[in-house]
Amino acid sequence: CVAPVTKLKSTCPVLSVRRNVPPATNFGVQAASAMIIPWKTDAPVYHVPYGTIGLIVLNTLIFFLVPSDSEQLIPWMLQFGEGLHPLQWVSNNFLHADLFHLLGNMVFLWLFGLIVEGKIGWWRFLLIYGGLGVVESASVQICMQHQSGMALGASGAIFGLLAMSLVWAPLNEVSCVVFVLFRPFTFDVPVLTFAGLYLLWELFVAWMSDFRISSEMLHLAGAVPGFVVALLMLKLDLVDCESYDLLSVIRGKDGKSLPPPPPLSPAEQAEKLSARRNAASAHLQNHLSTGNVQEALALYKRIRESDPDWHPPPQDLLRLAKLFHTYQLWPESVAPLVEYLQTAPNPAPRVRLSLAQILLDHEKRPNQAARVLARLSPAELTPELAQVRDRLLARAKKLSAQGELELATEDW
């Protein structure tokens, strides 16, 4: 798959070493005319993968903006026998030799980035990804001081993510598409099997070549620090794998093997429920403070579905609705507004007016809007608010008379 390390000719900037992760040709299936493409995983994702998506976009832009055969790329590649160049430890991770090199790496970055970032969030993920790339590149350049050649590609860091996924989510499955004689077949395989076989194959090929520097050795150089980082974060409780990590599996104490916990007493159940609700409210407040609208929406829906009796403080419900309004997510704001009206001791009249307007403008529910407005007491309205109510009520009656189709109204 890769040529041995040789000196790069100035007239032909062909790479002597490529850190490449093609879908399966590097897995030894090429002889059987097969290609395996992993495309999704069932590992739980607790954070939107902004970091993974951003890295894929950045790598793709760099590839298409700067041709891979351009002389401009040479100073940014990982050069051997030319001294130490810390900037190259970063830059070479964003360069690719050809389109298949890019596509193969990005497929694997998406899959294993999703697993890792899904557990720790975007900023910690980017720090780890960058650190893995730098450590792997620095160690290789140091070891290759008396050799010549160059290397580039993101697969050093990606193999670090692969090793981390093996430690953090060994029992989760990877969905793959395999093309055999151009015919597609699908199958699922545990991360432990998929990543384990990949690493064993790289180790076998490296052993067959007497562990000379090659793509396989570069891949392994990225996997080792990834494995170490994953174990350290697990031991230091910096990541929550819910007892489905590799160490729990080896000890037979993974989530699938653990016996069911003993039943809790009513007092313990109440205490646990209160703690869970307090934690949910704290998470919601954190998302509101940082303006993370998607995370706030996902958390609100998830908690409300699992615990319908959970009610955030009224002021948080208003903040959530205002955040949705900022991003023009009008239908999404209906639920927190309704919950605010149902739980607040003295709900503000403006909130009821705002809900009625959303029902008219975006939900096309004039009858429900009329019911919402009917709950307003004239005594609590200023002349200005009374005019707004009358105008909205007139619109509701007009839309209803025009035969606007609407489901049954609710008592809000």
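**From a loop residue to the helix packing**

With a relative accessibility of 40%, Glu242 counts as partly exposed, because 40% falls in the range between the 20% limit for buried and the 50% limit for exposed. The model described here is a predicted one. Glu242 belongs to the loop between α7 and α8. Its phi is near 55°, a positive value in a residue other than glycine. Most residues other than glycine have a negative phi. Asp237 is found in the loop between α7 and α8 (246-250), and Asp237 also takes a positive phi, of about 60°, although it is not a glycine. The relative accessibility of Asp237 is 67%, so Asp237 counts as exposed, the cut-off for that class being over 50%.

The wider setting is as follows. The protein chain has 15 helices and six strands. It comprises 412 residues, of which 44% count as buried. Among contacts in the protein chain with a separation of 6 or more, 73% come from residues 24 or more positions apart.

Ser214 precedes the loop just discussed; its place is in the loop between α6 (191-208) and α7 (215-235). Ser214 has a relative accessible area of 15% and is therefore buried, since the limit for buried is under 20%. Along the sequence, Ser214 is 63 residues from Ala151, while in space the two C-alpha atoms are 9.4 Å apart.

Ala151 leads to strand β4 (residues 149-152), where both faces are covered. In a regular strand the side chains alternate between the two faces of the sheet. In β4, Gly149 and Ala151 lie on one side and Met150 and Leu152 on the other, and all four residues are buried. Strand β3 (residues 78-80) runs antiparallel to β4 and is joined to it by three bridges. In this pair, the bridge partner of Gln79 is Met150 in β4.

A second antiparallel pair is formed by strand β5 (residues 173-180) and strand β6 (residues 183-190), with eight bridges. Ser175 stands opposite Asp188 in β6, and Val177 has Thr186 of β6 as its bridge partner. Two residues lie between the strands of this hairpin, and Leu181 there takes a positive phi near 50°.

Ser175 and Val177 also appear in the surroundings of Trp39. Trp39 lies in strand β2 (residues 34-41). Leaving aside neighbours within four places in sequence, Trp39 is in contact with Trp110, Leu111, Ser175, Cys176 and Val177. Trp39 and Phe112 are 73 residues apart along the chain, and their C-alpha atoms are separated by 10.0 Å. Despite these contacts, Trp39 is not buried: its relative accessible area is 43%, so it counts as partly exposed.

The remaining part of this account concerns helix α13 (residues 349-361). α13 has 13 residues and, at 1.5 Å a residue, should span 18 Å. The C-alpha atoms at its ends are 19 Å apart, which agrees with that expectation. An α-helix has 3.6 residues a turn, so residues three or four places apart point the same way. In α13 the buried residues are Pro349, Val351, Arg352, Leu353, Leu355, Ala356, Ile358, Leu359 and Leu360. These buried residues pack against α11 (314-326), α12 (330-343), α14 (366-374) and α15 (383-401).

One of these neighbours, α14, can be followed in more detail. Two packed helices are described by the angle between their axes and the distance between the axes. For α13 and α14 the angle is about 170° and the axes are 8 Å apart. The two helices are therefore roughly antiparallel to each other, a class that takes in angles over 145 degrees. On the α13 side the contact is made by Arg352, Leu353, Leu355, Ala356, Leu359 and Leu360, and on the α14 side by Pro366, Gln368, Ala369, Val372 and Leu373. By class, this contact of α13 with α14 has nine nonpolar residues, one polar residue and one charged residue.

Note on methods
Residues numbered from 1 in each chain as written. Predicted model: local features only at pLDDT ≥ 70, side-chain atom pairs only at ≥ 80, totals over all residues. Heavy atoms only, no water. Expected span 1.5 Å × (residues − 1). Buried < 20%, exposed > 50% of the residue type's maximum accessible area, 1.4 Å probe, protein only. Contact = heavy atoms within 4.5 Å. Pairing = 2+ DSSP bridges. Axes fitted to C-alpha atoms, helices over the stretch in contact; angles between N-to-C directions. Parallel < 35°, antiparallel > 145°, perpendicular 65-115°, else oblique. Nonpolar A, V, L, I, M, F, W, Y, C, P; charged D, E, K, R; others polar.
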